[in-house]
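Student: I would like a close look at one helix in this model and what it packs against. Please take a single helix and follow it through its surroundings.

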Amino acid sequence: MEATGLGAINWIVIIVYLTGMLGVGLYFTKRAGKSTDSFFTAGGRIPAWAAGFSIYATTLSAITYMSTPEQAFLSDWSYSAGNIAIFAIIPILIYFYIPFFRKLNVTSAYEYLEARFGVSLRAVGSILFILFHIGRIAIVVYLPTLAITSVSNINPMLVASVVGLLCIIYTFLGGIEGVIWSDVIQGIILLGGAVLILILGVTYIDGGFGTLIEDATREDKLITAQNFQFGTAAAAIPIIFIGSIFNNLHQYTASQDVVQRYQTTSSMKETSKSLWTNGFLALLTIPLFYGMGTVLYSYFNDMGGLPESVNTSAIVPYFIVTTLPAGVAGLLIAAIFAAAQSTISSSLNSISACVITDFKGRFVGKNQAQDVKLARWAIILSGVIGMSAALFLVSTNREETWNLFLSITGLFGVPIAAVFALGIFTKRANTKGVWVGLIGAAVASYFIGQTNMTPFAVSTFAFLISFALGYVASLLFAASPKNIKGLTIYTRNEAYVKEDEEVKGNMTVNVENS
């Protein structure tokens, strides 16, 4: 594909946006303070709607902004079952998980694993999160790099470095409060950009909305009865829905970037409101981003098809730059940057929280001023590693990045979500048994991932194997006080936590059986 170039006006718009994001980081530098409480949880002063918007922007990312339309362009809307699955877990989160995290008042989600299963599970949970999010950063840096380099002759190494570097800087400066308010701004930009692409895309199709519906119906680009059948060429919605429940359980119960936001609001009620806000926005994603892919399919169908030289992961920026007016195109490319940066900044702050809380603070000791400085160094290091991995993806010109992301989730993320579930919903689970389940699930996930099974099936098996094998294996080992200390479920399924004492900054909690 011959590069078309962005043009001066588009570059001005993009530079203004990127400079504005740096300004947000600078504004919150003083408020980030010199304490880890301010840097990682914003002192609990974030309003519920902003926290919910931040969770949405964090979980959406450039993976959604570019890969969701790609999925709808290549196949249909079947993956949208994953957005609906969020509503299946919100009541579970509010009724079971949020009380644990809020009453433990943890900075790191994995502090709970130590209270329940010991320090080894805390360490491995934190390490798996860090590895998963470095991989996620790589994909998220890669996508806007692809967006720019697909329409210009700029060196991809330069683009990836600039995208990653700017995220590192404003995450470094503003802490979690700067990240959250940046997420709000970026979320508004990326949603507005999606609406604009939909409206303009339909107007550029010969025949408009009528042609769009005709093309989508004829080519089975929406949802058909075949999508609900197993063993067909179409993606089976039941598998997608079930697999997405487990993927979402990972993201909302065992992933530091989301769990960390539960502590940024003032109360449990506000945290619950933030989850419902996020759920509504996730529902809005379906017509916006899947609709975008269907619109692009109809548009390029009118044009005789997408040029063979265009990477399908770049169809959104290719359409933007080759079709839309200058200035508008720049704004929409900025929306892709916004989707990427909202995720990268959250990942960087959360990785640093794990490094400081789960390792430095746990094994060396706490020093507020020193810990914030080390957190900022952790942000720099993890950002550089993520950018380096992104450059590898650039060199391979990787397509279908969503399935790559889902595969990483199934391997590194979902098994640890089952460990959290074992701790909260069972009393017999113990450290040795959970280790057996975790290792077994990781090995099984790897080999299942080598088959032709959908990534959603991998996630389903990863969770079920980790949970079932962990529980059964626990029955083979005698439960000791160290194994069962932590949290239990009372009658009416209400979770309560009692703080026993703090020993050298490490929380221990008593158990009362129902």
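Tutor: What follows is an account of helix H5, its partner helix and the core residues that touch on both. The model is a predicted one.

H5 covers residues 81–104, 24 residues in total. From the first C-alpha to the last it reaches 33 Å, close to the 34 Å expected at 1.5 Å a residue. There is nevertheless a kink in H5, of about 50° and centred on Leu93. After the helix comes Asn105, which has a positive phi, near 55°.

Now the packing. Two packed helices are described by the angle between their axes and the distance between the axes. For H5 and helix H10 (residues 237–253), the axes come within 8 Å and cross at roughly 35°; the crossing is right-handed. On the H5 side, the residues that meet H10 include Ala81, Gly82, Ala85, Ile89, Leu93, Tyr97 and Phe101. Among the H10 residues they face are Ile237, Phe241, Ser244, Asn248 and Tyr252. Leu93, the centre of the kink, is thus also one of the residues in contact with H10.

Tyr262 links several of these residues. Leaving aside neighbours within four places in sequence, Tyr262 is in contact with Leu93, Ile98, Phe101 and Arg102, as well as Tyr252, and its other contacts are Ile55, Thr271 and Leu275. Tyr252 and Tyr262 are both among the residues with the most contacts inside the largest nonpolar core, which has 128 residues. Helix H8 (residues 156–204) gives the most to this core, with 17 residues. A second, separate core has 9 residues, including Tyr79, Ile286, Tyr290 and Phe456.

Definitions and conventions
Residues numbered from 1 in each chain as written. Predicted model: local features only at pLDDT ≥ 70, side-chain atom pairs only at ≥ 80, totals over all residues. Heavy atoms only, no water. Helix = DSSP H or I, 4+ residues; strand = E, 2+ residues; numbered from the N terminus. Expected span 1.5 Å × (residues − 1). Bend = angle between axes of the 7 residues up to and from the residue. Core = buried A, V, L, I, M, F, W, Y, C linked by side-chain atoms within 4.5 Å. Buried < 20%, exposed > 50% of the residue type's maximum accessible area, 1.4 Å probe, protein only. Contact = heavy atoms within 4.5 Å. Axes fitted to C-alpha atoms, helices over the stretch in contact; angles between N-to-C directions. Left-handed = near helix turned anticlockwise from the far one by under 90°.
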